[in-house]
Amino acid sequence: MKTIGFGMLALMLLSARSAAAAPCEDLAKSSRPNTTITLAQSVAAGALPAPAGRGGAQANPFADLPAFCRVAATLKPSADSDIKIEVWLPASGWNGKFQAVGNGGWNGNVDQNALATALRRGYAAASTDTGHEGGAGPWMQNKEKVIDYGYRAVHEMTATAKSLINSLYGSAPKFSYFTGCSAGGRQGLKAAQMHPEDFDGIVAGSPALNATGRAAYAVYAAQSLRKEDASYIPAAKYPAIHDAALKACDAGDGVTDKVIENPRACKFDPQVIACKAGEDTNSCLTPAQVTAARALYQPLVNPRTNQVINTPLEVGSELGWSTFGGQQPFGVATQFYQFMVFNNPQWDWKTLNYDADMAAVAKAENGVIDAKSTELQRFVARGGKMIQYHGWADPQIPAGASTSYYEDVVKARGSSIRNNYRLFMVPGMNHCGGGDGPASFDMLTALEQWVEQQKAPDTIPAAHLTNGQPDRTRILCAYPQVATYKGSGDPNSAASFACK
């Protein structure tokens, strides 16, 4: 029997791989269970049109994209499912990895901007509309569509995307990642809890993990601010409340920089800017407004059981209070009750009962949407890594959702969970970005190093940007540590801070 030379063997392996790979357009001919490929098209470099709605002299944000294979598909894992996905695969220079990207709000769209960001990094990437178009609506009364929204769409999208990757390139991705913020952060946590085999690494930003609790708290905030006409706090007063909070808490980390490093380490009472008798200006709060402001800093609890329904807004979030404190309650919250819980678009938010109505909430949600489970052992067992982050000043998803969840996981799984799961709190950051804090950072690179090089992140470099340029750098510390000024050095430099 003749032996096969090394060169011949290599040629045979290369030929086998080439035979397994398929041109982009051929993917339309492939057959997959419950899947209809609706588009398989090669897109030349810079040729993808601008998103719908953009026109005039605005530059096309996709003009810098490399050539790629664009695949669109409809998935029907149930008779009522109608999940739209897109998978973008680099025509050349693929980094050998897959990235699924998350959504926001009620998730009724494929996020082309997030896909473009992943493609620029060399990833094959996928996004889904989670099974419906647009925002909240009657679809929320359909059990199967709610399951698709809750977790199934991301899982089905991921399985389809990996199959397409294998078909196009002739090999599976070396590593699979998920990145998302807000509703996308919730999706990431849900994937780790329910489908731990899908991803090697997950970035879960500002996750709406207690979606039902946040909805209740948003209504509670509206009720507190609308208890009577005198309770309402106009937005013109937010800066005065915020300035008073900074005066009380800003210097806690050793520097005064308009950022509260750790709101939990400081007590602030809005009573300090109470108006004098007969006074009502934008620089002070009337007695009724003081009561309302205090309520926003308090957790929402079930009045009968004293169980915490949701954590409060944190000190430092005041400039964003219009999210919950506007003329009407936060729309994402009221839509939850109107369409999913009570099936009544005319439901009156002033009537929500934080004991009796919570049973109806639990029945409607039924563990499908909330991502509060501490069952991460399967994700950990297969070596999965997860980075969660949250802005302390988040006015839309109170930051305590993340700290409480992390503490619950540590309590349930032990401190060794840090080998696979870490939380980074971002001082002064609003919802998924913005604010006076160091809200510019690269969580994905930190995750890649953790997954691929076993380099666990104790700190993550971050910066505050003005006009796109960094004017202050910081370190983000793995919770529960916080960045503290060393006592000397440039207070605008990360080198002058240590985690304690």
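Q: A cavity is a set of grid points where a 1.4 Å probe fits but cannot get out. How many cavities of 30 Å³ or more does this predicted model hold by that rule?
A: The count comes to two. About 60 Å³ of space lies in the largest cavity. The second largest cavity has a volume of about 30 Å³.

Q: What makes a residue part of the lining of the largest cavity?
A: A lining residue has an atom within 4 Å of a cavity point. Gly150, Tyr151, Val154, His155, Gln187, Lys190, Ala191, His195 and Asp198 line the largest cavity. Two elements, H3 and helix H4 (183–194), each give two or more residues to this lining. H3 gives the largest share, four residues.

Q: How do the residues of that lining divide into nonpolar, polar and charged?
A: Three are nonpolar, four polar and two charged. Asp and Lys count as charged, so Asp198 and Lys190 are the charged pair. Gly counts as polar, so Gly150 goes with the polar residues.

Q: Which residues line the second largest cavity, and how do they divide by class?
A: Pro207, Ala208, Leu209, Asn210, Arg214, Asn310, Ile397, Pro398 and Ala401 form this lining. By class, six are nonpolar, two polar and one charged. Arg counts as charged, so Arg214 is the charged residue.

Q: Why is a set of residues called a nonpolar core?
A: The members must be buried residues of listed types, joined through side-chain atoms within 4.5 Å. In the model, the largest such core has 56 residues. Ile233, Trp321, Tyr337 and Tyr354 touch the most other members. Helices that give two or more residues to this core include H3 (143–169), H5 (211–225) and H10 (356–365). H5 supplies the largest share, 10 residues.

Q: Which residues does Tyr354 touch?
A: Leaving out residues up to four places away in sequence, Tyr354 touches Ala216, Val219, Tyr220, Gln223, Leu300, Asn302, Pro303 and Ile309. A second, separate core has 50 residues, among them Leu209, Trp392, Ala401 and Leu423.

Q: What makes E12 and E14 edge strands?
A: The open sheet has three strands in the order E12-E13-E14, with antiparallel pairing. Strand E12 (440–441) and strand E14 (469–477) each have a single partner strand, so one side of each has no neighbour in the sheet.

Q: How do you know that E12 and E13 pair?
A: Pairing needs at least two bridges found by DSSP. Two bridges join E12 to strand E13 (residues 459–466), and the two run antiparallel. The two bridges meet the cut-off, so these strands count as paired. Phe441 has Ala462 in E13 as its bridge partner.

Q: Is Asn306 exposed or buried?
A: Exposed means over 50% relative accessible area. Asn306 is at 58%, so Asn306 counts as exposed. Asn306 lies in the loop between strand E8 (300–301) and strand E9 (308–310). Its phi is positive, about 65°, although Asn306 is not a glycine.

Q: Why is Cys432 called partly exposed?
A: Partly exposed lies between the 20% and 50% limits. Cys432 has a relative accessible area of 29%, so partly exposed is the right term. Cys432 is in the loop between strand E11 (421–426) and E12. Cys432 is not a glycine, yet has a positive phi of about 65°.

Q: Which omega goes with the peptide bond from Tyr479 to Pro480?
A: Omega is near 15°, and the bond is cis. Pro480 sits in the loop between E14 and strand E15 (483–485).

Technical notes
Residues are numbered from 1 along each chain as its sequence is written. This is a predicted model: local features need pLDDT of at least 70, side-chain atom pairs count only at pLDDT 80 or more; totals for chains, interfaces and linings use all residues. Side-chain values use heavy atoms; hydrogens and water are left out. Buried means under 20% relative accessible area, exposed over 50%, partly exposed in between (1.4 Å probe, protein chains only). Contact means heavy atoms within 4.5 Å. On a 1 Å grid over the protein atoms alone, a cavity is a set of points where a 1.4 Å probe fits but cannot get out, and a pocket is an open set with protein on both sides within 12 Å along at least five of seven lines; lining residues have an atom within 4 Å of a point. Grid points are joined across faces, edges and corners, and a volume is the space filled by probe spheres set on the points.
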